[in-house]
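Visitor: I'd like to learn how to read the contacts in a protein model. Could you walk me through this one?

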Amino acid sequence: MVNSVLLEAFNEVFKPLGFRKKSANWYRASGDLYCVVGVQESSWDESCYVNIGFAPAANVKTGWLPESKCLVRFRADAITSISRDGLDLLSGEVAEVRGGGDLRLDLVEKVASPVAQAVNSIESIQDLKNLLRTSVSDQVFVHREIRDELLTGG
């Protein structure tokens, strides 16, 4: 249940920002960077994960690149503006207790909107560098191809 309600919440927030939807992913190229936000079901229970990826727009030949192929990747729980309450909404147990309408509204407010706020204005390596420095915890995968450029000062 959380997956379908979460997809509705993300669609409501990301479509107006110019993101295109493919399956359980929203993606767009903006400026020099490509961004993808995807919902992944847990293999162990009814929970979901929200994965975020960035890559240079020039690396995206067909207009679509899955998060797993991005050079910078992290989960929504690494975004410091998302509260513990928001992350708890991604668990199957919480979704079961909550109703569909109330759950969707809370997912929009506590998960989808903070994710959108974090990624919407990222258009350059410098923007991404600032995001990683100010709004994302250290739980980030940065591919070696881009690591020096992102992790140096300035």
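**Reading contacts, one feature at a time**

Guide: Happy to. Let's start inside one helix: Asp88 and Arg84 are 4 residues apart in helix H2 (residues 84-88), a separation of about one helical turn. Keep in mind throughout that this is a predicted model.

Visitor: What do Asp88 and Arg84 form, and how far apart are the closest N and O atoms?

Guide: The general idea first: side chains of opposite charge can pair when their charged atoms come close. Here Asp88 and Arg84 form a salt bridge, with 3.1 Å between the closest N and O atoms. As for surroundings, Arg84 is exposed at 56% relative accessible area, while Asp88 is partly exposed at 31%.

Visitor: How many salt bridges does a search of the whole structure find?

Guide: The search gives 3 salt bridges. Another of them joins the side chains of Arg104 and Glu12, at 2.4 Å from N to O. Arg104 belongs to helix H4 (residues 100-119) and Glu12 to helix H1 (residues 2-14), so this pair ties together parts that lie 92 residues apart in sequence. Both ends are partly exposed: Arg104 has a relative accessible area of 22%, and Glu12 has 42%.

Visitor: And which residue does Glu67 meet in a salt bridge?

Guide: Glu67 meets Arg73, with 3.4 Å from N to O. Glu67 is buried, its relative accessible area being 17%, whereas Arg73 counts as partly exposed at 24%. Arg73 has a second contact to look at: its charged end sits over the ring of Phe141, 4.5 Å from the ring centre.

Visitor: So a charge can be read against a ring as well. Over which ring does the charged end of Arg75 sit?

Guide: Over the ring of Tyr49, at 3.9 Å from its centre. Tyr49 also helps us read the strands, since we can follow what stands opposite it.

Visitor: Let's do that. Which residue stands opposite Tyr49 in S4?

Guide: Gln40 does. To read strand pairing, ask which strands are partners, in which sense they run, and over how many bridges. Strand S3 (residues 33-41) pairs with S4 in the antiparallel sense over 9 bridges, and these two strands form a hairpin with 6 residues between them. S4 also pairs with strand S5 (residues 72-75), again antiparallel, over 4 bridges. In that pairing, Phe54 has Val72 of S5 as its bridge partner.

Visitor: Is strand S4 mostly covered or mostly open?

Guide: Mostly covered: of the 9 residues in S4 (residues 48-56), 8 are buried.

Visitor: Now cysteines. How many disulfides does the count come to?

Guide: The count is 0. The way to read this is to look at the distance between sulfur atoms. For Cys35, the closest cysteine sulfur is in Cys70, 7.8 Å away, which is too far for a bond; the cut-off is 2.5 Å. Both cysteines are nonetheless buried, Cys35 at 5% relative accessibility and Cys70 at 2%.

Visitor: What about rings facing rings? How many aromatic pairs are counted?

Guide: There are 7 aromatic pairs. For each pair, read the distance between centres together with the angle between planes. Tyr27 and Tyr34 make a tilted pair, with 6.3 Å centre to centre and 40 degrees between the planes. Both of these tyrosines, Tyr27 and Tyr34, are buried. Rings can also be grouped: Phe10, Phe14, Phe19 and Trp26 form one aromatic cluster.

Visitor: One last feature, the backbone. What is phi of Ser23 near?

Guide: The background is that most residues other than glycine have a negative phi. Phi of Ser23 is near 60 degrees, so we have a positive value in a residue other than glycine. Ser23 is placed in the loop between strand S1 (20-22) and strand S2 (25-30).

Visitor: Is Ser23 buried or exposed?

Guide: Ser23 counts as exposed, with 60% relative accessibility. If you want a place to begin your own tour, go back to Arg73, whose side chain meets Glu67 in a salt bridge and whose charged end sits over the ring of Phe141.

Methods: Residues numbered from 1 in each chain as written. Predicted model: local features only at pLDDT ≥ 70, side-chain atom pairs only at ≥ 80, totals over all residues. Heavy atoms only, no water. Salt bridge = Lys/Arg side-chain N within 4 Å of Asp/Glu carboxyl O. Buried < 20%, exposed > 50% of the residue type's maximum accessible area, 1.4 Å probe, protein only. Pairing = 2+ DSSP bridges. Phe/Tyr/Trp six-rings, centres within 6.5 Å; stacked < 30°, edge-to-face > 60°. Lys NZ or Arg CZ within 6 Å of the ring centre and 35° of its normal.
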